[in-house]
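Subject: Structure handover

Hello,

Here is the structure for your files. My notes on it come after the coordinates.

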Amino acid sequence: MGNEQEPRNELEGNDDSMYQIDFKKPCAVHFIGIGGISMSGLAEILLDEGFTVSGSDMKDSELCGHLRQAGAQIAIGQRAENIQNPDVVVYTAAIHPDNPEFAAAKEKGIPMLSRAELLGEMMNNYSEAINIAGTHGKTTTTSMITEILLGAKKDPTVTVGGILDSIGGNIRVGGPDYFVAEACEYTNSFLSFFPTISVILNVEADHLDFFKDIDDIRHSFREFILRLPQNEKGFLVFNGDIDKKEYFLDGLSCGVKTYGHGADCNYRAENIRYDDHAHPSYTLIVDGEEAGEVTLSVTGEHNVYNSLAAIAVADHLGIDRADTKRALSRFSGTERRFEYKGECHGFTVIDDYAHHPQEIAVTIAAAKLYPHKKLWVVFQPHTYSRTKALLPEFAEALSKADEVILADIYAAREKNTIGISSADLAKKMEALGAKVHYIPEFPEIEKFILENLEEGDLLITMGAGNVVDIGNQLISR
């Protein structure tokens, strides 16, 4: 596929680890860490295709119970004896080499696949594998494309990084023609995928605990683009506003369509306007010609451009434009993407997953279009490495809100070995003249909110950690 760079995965399986997943030849698959939202979804697809599925997790869950009902054998606790004689073992990025099941599978010489490798192998079983990549916007754009395919009765199989009401979760098992999936760049996961259609939404500095710098990130996205068939079978939708776009597009032999602000983009939006809840409508421009009006039920200008990418994919697939517009007008978002939670003491509570400065900037910009007296943001930084690497950018983006409350950093996969805290971000923001309050613990934040917010104010709980709990707790009052 033209790859010059091997994926730098955190774990290596056996030398012969690549194992072909063929839906015509179902086999026995064991999942280490089967209870996660992504792994359980892949297991469900395989069960539906007639595979024998077993797995383990450290604790029982509703997802594990659902898989048991579908026929999976699941052990609670991870032990070497759980590895019987599967044809292949699948593991998550959270599994370490000393995991007893990982070690047992390796000792027995059982083929092993990472979650990303399994997802890539599964794509080969579909006529069209649609991958949506970018530093941010993946979940929303994947969901938009899903809604369009559902509206056009195309019966897609879908794996998405958020909860989408129309499919009742984050996974949908459909027919053999369309497979729609987010393609994450972290640990170069997407370099294990085999797309026929790829969407590149943006390429920005993130995951700097893994990537060396922005050039390293650009290189990975270029390699991902080259995984498309470089012939008439491959199709790329690319944001023409991305910096150094020639680096990504030069020398490609697949089909390419661009979208964005530039007059040279194939898909553009003109005459953007908003209703009382910041939902945009716009005039669609395709190859310089007006192509009617598009109305969205999600918030903010950034979603105008997400919808342009989705329209470009739909057009390539031959979906009637009227069906596309109808589906986009119905789509009201996924959980934790500018999600309305409710009212508390007269102020409105919104929750958003934004955890990168650019995401924060567009979310705050969207919020400014929403009816409110004062805009408050409760922000929980996500990972120490991201906070330190992008500290000035975080301070600049957050300072656009009227007042900001900072919680402690959500560690996720990391330990604080670099001596960074939310207090450092507060100092940066204060230097910019921002009104910021560093309050480490959630109960104190809730108390501060109830004492200081007034009727008509807008509160956004923001971050990729558990900051959503604050809004939920307030609404429950």
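The notes below cover the sheets, then the nonpolar cores, then the aromatic rings. Please keep in mind that this is a predicted model.

Five-stranded sheet

One open sheet has 5 strands in the order 3-2-1-4-5, and its pairing is parallel. Strand 3 (73-76) and strand 5 (112-114) are the edge strands, each paired on one side only. Ignoring direction, neighbouring strands in this sheet are turned by 20° against each other on average. Between strand 1 (residues 28-32) and strand 2 (residues 52-57) there are 5 bridges, in the parallel sense. Val29 has Val53 in strand 2 as its bridge partner. Helix 1 packs on this sheet and touches strand 1, strand 2 and strand 4 (88-91). The direction of helix 1 makes about 170° with that of strand 1.

Six-stranded sheet

Another open sheet is built from 6 strands, ordered 16-17-21-18-19-20, with mixed pairing. Its edge strands, each pairing on one side only, are strand 16 (339-344) and strand 20 (436-438). The average twist from one strand to the next is 20°.

Strand 18 and strand 21 (residues 458-462) run parallel and are joined by 5 bridges. Within that pairing, the bridge partner of Trp376 in strand 21 is Leu459. Helix 13 (residues 422-431) packs on the sheet, where it touches strand 18, strand 19 (403-406) and strand 20. The direction of helix 13 is at about 165° to that of strand 20.

Strand 17 (residues 347-352) deserves its own paragraph. How many of its residues are buried? The count is 6 of 6, so the strand is mostly covered when judged by the cut-off of under 20% relative accessible area. The cover applies to both faces: Phe347, Val349 and Asp351 are buried on one side, and Thr348, Ile350 and Asp352 are buried on the other. Strand 17 runs antiparallel to strand 16, with 5 bridges between them, and Tyr340 has Ile350 in strand 17 as its bridge partner. The hairpin of these two strands has 2 residues between the strands, and His345 in it takes a positive phi near 50°. Strand 17 also pairs with strand 21, this time in the parallel sense and over 5 bridges. There, Asp351 stands opposite Thr461 in strand 21.

Nonpolar cores

The largest nonpolar core contains 53 residues. Ile21, Phe31, Leu46, Val53, Leu118 and Ile200 have the most contacts inside it. Helix 1 (residues 37-48) gives the most to this core, namely 6 residues. Which residues does Leu46 contact, leaving aside its neighbours within four places in sequence? They are Ile21, Phe23, Val29, Phe31, Phe51, Val53, Leu118 and Met122. Val29 and Val53, the bridge partners mentioned under the five-stranded sheet, are thus both in the list for Leu46. A second core, separate from this one, has 42 residues and includes Ile197, Leu284, Leu296 and Phe331.

Aromatic rings

Searching the whole structure gives 13 aromatic pairs. One of them is Phe238 with Phe248, a tilted pair with 5.6 Å centre to centre and 40° between the planes. This pair links distant parts of the chain: Phe238 is in strand 11 (residues 235-239) and Phe248 is in helix 7 (residues 245-249), 10 residues apart. Phe238 counts as buried because its relative accessibility is 0%. Phe248 is also at 0% and so counts as buried.

Phe379 and Phe394 form another tilted pair, with 5.7 Å centre to centre and 35° between the planes. Phe379 belongs to strand 18 (residues 375-379) and Phe394 to helix 12 (residues 391-398), so this pair ties together parts that are 15 residues apart in sequence. Phe379 has 0% relative accessibility and therefore counts as buried. Phe394 is buried too, with a relative accessible area of 1%.

Ring pairs also link Phe23, Phe51, Tyr126 and Phe179 into a cluster. Of these residues, Phe23 and Phe51 are among the contacts of Leu46.

Two arginines sit over rings. Arg227 lies over the face of Phe194, at 4.8 Å from the ring centre. Arg337 has its charged end over the ring of Tyr353, at 4.4 Å from the centre of that ring.

Regards

Definitions and conventions:
Residues numbered from 1 in each chain as written. Predicted model: local features only at pLDDT ≥ 70, side-chain atom pairs only at ≥ 80, totals over all residues. Heavy atoms only, no water. Phe/Tyr/Trp six-rings, centres within 6.5 Å; stacked < 30°, edge-to-face > 60°. Helix = DSSP H or I, 4+ residues; strand = E, 2+ residues; numbered from the N terminus. Buried < 20%, exposed > 50% of the residue type's maximum accessible area, 1.4 Å probe, protein only. Lys NZ or Arg CZ within 6 Å of the ring centre and 35° of its normal. Core = buried A, V, L, I, M, F, W, Y, C linked by side-chain atoms within 4.5 Å. Contact = heavy atoms within 4.5 Å. Pairing = 2+ DSSP bridges. Axes fitted to C-alpha atoms, helices over the stretch in contact; angles between N-to-C directions.
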